[in-house]
Amino acid sequence: MSAANPESGPLGIFGGTFDPIHIGHLRLAQEAHETLRLSQVSFVPAGDPPHRGAPRSRAADRLAMVRLATARNPAFTVDDAEVFAQGKSYTALTLERLRAALGPQRPLVLILGADAFEGLPTWHRWRDILQLAHVAVANRPGYAPHRDRRSDILSPELDAVCSDHMSNDPGAVRESPAGRIVPFDMTPLAISASQVRGLIQAGRSARYLLPDPVLDYIERHHLYHGS
Ligand code: ATP
């Protein structure tokens, strides 16, 4: 059996606000890694996410929590460029940076949950994203199954792009550097960062929804307590 070269296989890119990172994020990355046979998954915490209000915790804290949560997994890495960049954290710019650094051939795979995928047409230069990377879409409880290209769920323009780019073969991400939309199933986990923040704010326990070192960090730094 030949060892896969982590520098040439498909690189997963998993962006998010991670406010805080939780088990839903970690299982999503782990299952994407296995199902799509990604050589690595790079977590990219947003510094200033464009699609929402300001995060509750500082970018430096969110980055620290992502580092704690991923530290023991050799398949996971953390990309801190968006945290330290000036301006909004646009995924198209991150993918351009990675494409320039890694060359034209290496498959890049942007990993999204179904809710994020549904909102794709609102993203900055969203059509460019498929020129730069594949898009892997995981199911998420509460959102319509991503396999249903139903025009009442997806916007007409995203539905049309799905018709042209969808592949149900996870191996498709190895066959070209970019351009396929690949749905995949993950263990359904109805966990969100909002839920975690709400529990902590209400003085309730968020234990087992996120890794213990992250929970310890939240306690030590008094994050999410109070309004
Ligand atoms: P919030 O509740 O603050 O909106 P969130 O839990 O959705 O946060 P984000 O950091 O916004 O977390 O999400 C980053 C990415 O992870 C998105 O692509 C999102 O779809 C995906 N994701 C988050 N939680 C889950 C989950 N439980 N199952 C599947 N995908 C998820």
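A residue counts as near the ligand if its C-beta atom, placed from the backbone, lies within 6 Å of it. In this predicted model, 18 residues surround the ligand. This briefing covers that shell and then three notable points of backbone geometry.

**Shell around the ligand**

- The closest residues to the ligand are G16, G24, G113, A116 and S194.
- Two or more residues of the shell are given by each of the elements α1 (23-35), β4 (108-113), α5 (114-118) and α9 (193-201).
- Helix α1 provides the largest share of the shell, with three residues.
- By class, eight residues of the shell are nonpolar, seven are polar and three are charged.

**A cis peptide bond**

- The peptide bond that joins D19 and P20 is cis, with an omega of about 5°.
- P20 is located in the loop between β1 (11-16) and α1.

**Positive phi at R125**

- R125 is not a glycine, yet its phi is positive, at about 50°.
- This residue, R125, lies in the loop between α5 and α6 (126-132).
- R125 has 14 other C-beta atoms within 10 Å and is therefore partly exposed, since a residue is exposed at 12 or fewer and buried at 20 or more.

**Positive phi at H222**

- H222, a residue other than glycine, also has a positive phi, near 50°.
- The position of H222 is in the segment after α10 (212-220).
- H222 is exposed because 9 other C-beta atoms lie within 10 Å, and the cut-off for an exposed residue is 12 or fewer.

Methods. Residues numbered from 1 in each chain as written. Predicted model: local features only at pLDDT ≥ 70, side-chain atom pairs only at ≥ 80, totals over all residues. Helix = DSSP H or I, 4+ residues; strand = E, 2+ residues; numbered from the N terminus. Nonpolar A, V, L, I, M, F, W, Y, C, P; charged D, E, K, R; others polar.
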